[in-house]
Amino acid sequence: MSKDLTNRDSISEMEQIQRGLEAFLQQELKEMGAESRENGALAGGAQTGTGGTDTLQAGREPQLFTIGEEENQEREIDIIGSSKRESGQNNRRRDREAYFEDWDSEDYRPDRVKAVGTKSGSQKKRGKESKAAGQASIRKKGSARGVEKENKAPKVSEGKSKKRRKKKSRLQKFLIIVAVILALLTGGLYLGVGAVYAKMNYQPLESLAGAPMKEQGVVNILLIGNDSRENAEDGRSDAMILLSISNKTKKIYMTSLLRDMYVEIPGHNNNRLNAAYSYGGAGLLMETVEQNLDITVNRYVLVNFEAFANLVDAVGGVDLELTSEEIEYVNGYLVEYNMLFDRAEGTDYMDTSQSGMVHLNGPQALAYCRNRYLGTDFGRTERQRKVLSAVIQKLPTALLTNPGELIGGLMPNLTTNLTQGECFYLSLMAYKLLTYEIVQTSIPLEGTYKNATIRSMSVLEVDFEANKAYLKENIYGESPRQRTDG
């Protein structure tokens, strides 16, 4: 009995407590809802969810809910709260878009911003400067990135550039090596030319001191053959050949000057051309050629009989086509040559029954060139040019195979006013001269002279103007109009 009474008393007390809590909570919810409506708060559900705790802390009587009522209440709060949140987010999004779109509009800007904007013009200026600085910074960063890209991009081209630099470096090294080799060869050649030149007889001419060897692209050297045994001017100029090396026409001209031409000799009466040599040696002979043919000649090489014969022997002789009659005259001139050089009679005589292509040694070739009885002086000068041309063709090989005999037999028998430097220059031109065409001719030209007898001398009267024109056109490459204008 007592237990039952006790249980009933406990239950009645619990019921009373429950009813009191329910009343308290209902009252609290009413107050919170009214307050929420007044303030327009968006988080009413959250405040309601936490209101129990706040109300309990304030000491107010709460209102109790059953579990089912609480669940329904929570669902309602969630639905209302989510809808309000979505609505609020949409409104805020539209507000932000409108704000940024119409920021430049003075009417739309907030009062606080307007006030700040109107307070100080310097602040506006600082804002603009800050904005400009920002844009400049962006541009600078962009350009820096562009430079960085450019620096990164040329890596491939830098590789190519390095390869090119390596190739260029190798090419430079190669050119330096070639230059050194050429310098050594040139130095060796200069020393070689010096050794050869020392064997020659250098005889300068005061009248031609300082005169250039080359003029208007042409080198003129007068080759003089005399019949003296010694290197002197006591003999006769038996042969005169003007050797012209023309860079303009890329040709080498061998022009025989006939000794019987009747010419003006400076300081002397008119006479045969070869008389100039007997009057004043090589100097007067060159001056006579210049005055009568209007061509500059400043260099000469004097060759005696022995030098000519030694030159032919040094190249191994020459092969020429001779008639039986020409062979007879070769033997005839050998008689004089053998006596002149104390050789035994009959030395180097040829078989007179031979004809056609024959081989001639030095003395035989010299005898062949001296013959003036077949074809007069024109035939003789032609034979001289034939032998000299054959020697020039064999000269490069002889320099390699027989340099000692060539130098030793020829050079001591040469007299010249060519300097060592000029000989070195001509030696450097040798490779080029081998490609030049050799043109042989004689002055006077056919049809520009006539035979005459003056002061009991058989001479050739020459049309010098026609021969001057030929030399200018062929050696110097001048046209008739250029000669007229000049």
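In this predicted model, helix H9 meets helix H10 through two sets of residues. H9 contributes Glu326, Val330, Tyr333, Leu334, Glu336 and Tyr337. H10 contributes Pro363, Gln364, Leu366, Ala367, Tyr368 and Arg370. By class, the contact of H9 with H10 divides into 8 nonpolar, 1 polar and 3 charged residues. H9 covers residues 324-340, and H10 covers residues 362-370. Their axes lie 8 Å apart and pack at an angle of about 110°. Angles of 65 to 115 degrees count as roughly perpendicular. H9 and H10 are therefore roughly perpendicular to each other.

Two residues of this contact, Tyr337 in H9 and Tyr368 in H10, also take part in ring arrangements. The structure holds 4 aromatic pairs. One of them joins Tyr337 and Phe341, with ring centres 4.6 Å apart. The planes of Tyr337 and Phe341 stand at 40°, so the pair is tilted. Tyr337 is buried, and Phe341 is buried as well. The ring of Tyr368 has a charge over it: the charged end of Arg383 sits there, 5.9 Å from the ring centre. A further arrangement of this kind involves Lys472 and Tyr476. The charged end of Lys472 sits over the ring of Tyr476, 5.1 Å from its centre.

Another helix contact is formed by H8 and H12. H8 runs over residues 305-314, and H12 over residues 403-410. The axes of H8 and H12 come within 8 Å and cross at roughly 175°. Angles over 145 degrees count as roughly antiparallel. The crossing angle thus makes H8 roughly antiparallel to H12. On the H8 side, the residues in contact are Ala307, Asn310, Leu311, Asp313 and Ala314. On the H12 side, they are Glu405, Leu406, Gly409 and Leu410. The contact of H8 with H12 has 5 nonpolar, 2 polar and 2 charged residues.

Among the strands, S5 spans residues 251-257 and includes Thr255. The relative accessible area of Thr255 is 1%. Residues under 20% count as buried, so Thr255 is buried. Residues up to four places away in sequence are not counted among its contacts. Thr255 touches Met240, Ile241 and Leu242. Thr255 also touches Thr441, Ser442 and Ile443.

Definitions and conventions. Residues are numbered from 1 along each chain as its sequence is written. This is a predicted model: local features need pLDDT of at least 70, side-chain atom pairs count only at pLDDT 80 or more; totals for chains, interfaces and linings use all residues. Side-chain values use heavy atoms; hydrogens and water are left out. Rings of Phe, Tyr and Trp (its six-membered ring) pair if their centres lie within 6.5 Å; planes under 30 degrees apart count as stacked, over 60 as edge-to-face and the rest as tilted. Buried means under 20% relative accessible area, exposed over 50%, partly exposed in between (1.4 Å probe, protein chains only). A charge sits over a ring if NZ of Lys or CZ of Arg is within 6 Å of the ring centre and within 35 degrees of the ring normal. Axes are lines fitted to C-alpha atoms, for helices over the stretch in contact, and angles run from 0 to 180 degrees between N-to-C directions. Helices (H or I, at least four residues) and strands (E, at least two) are DSSP runs, numbered from the N terminus. Angles under 35 degrees count as roughly parallel, over 145 as roughly antiparallel, 65 to 115 as roughly perpendicular and the rest as oblique. Contact means heavy atoms within 4.5 Å. Ala, Val, Leu, Ile, Met, Phe, Trp, Tyr, Cys and Pro count as nonpolar, Asp, Glu, Lys and Arg as charged, and the others, Gly among them, as polar.
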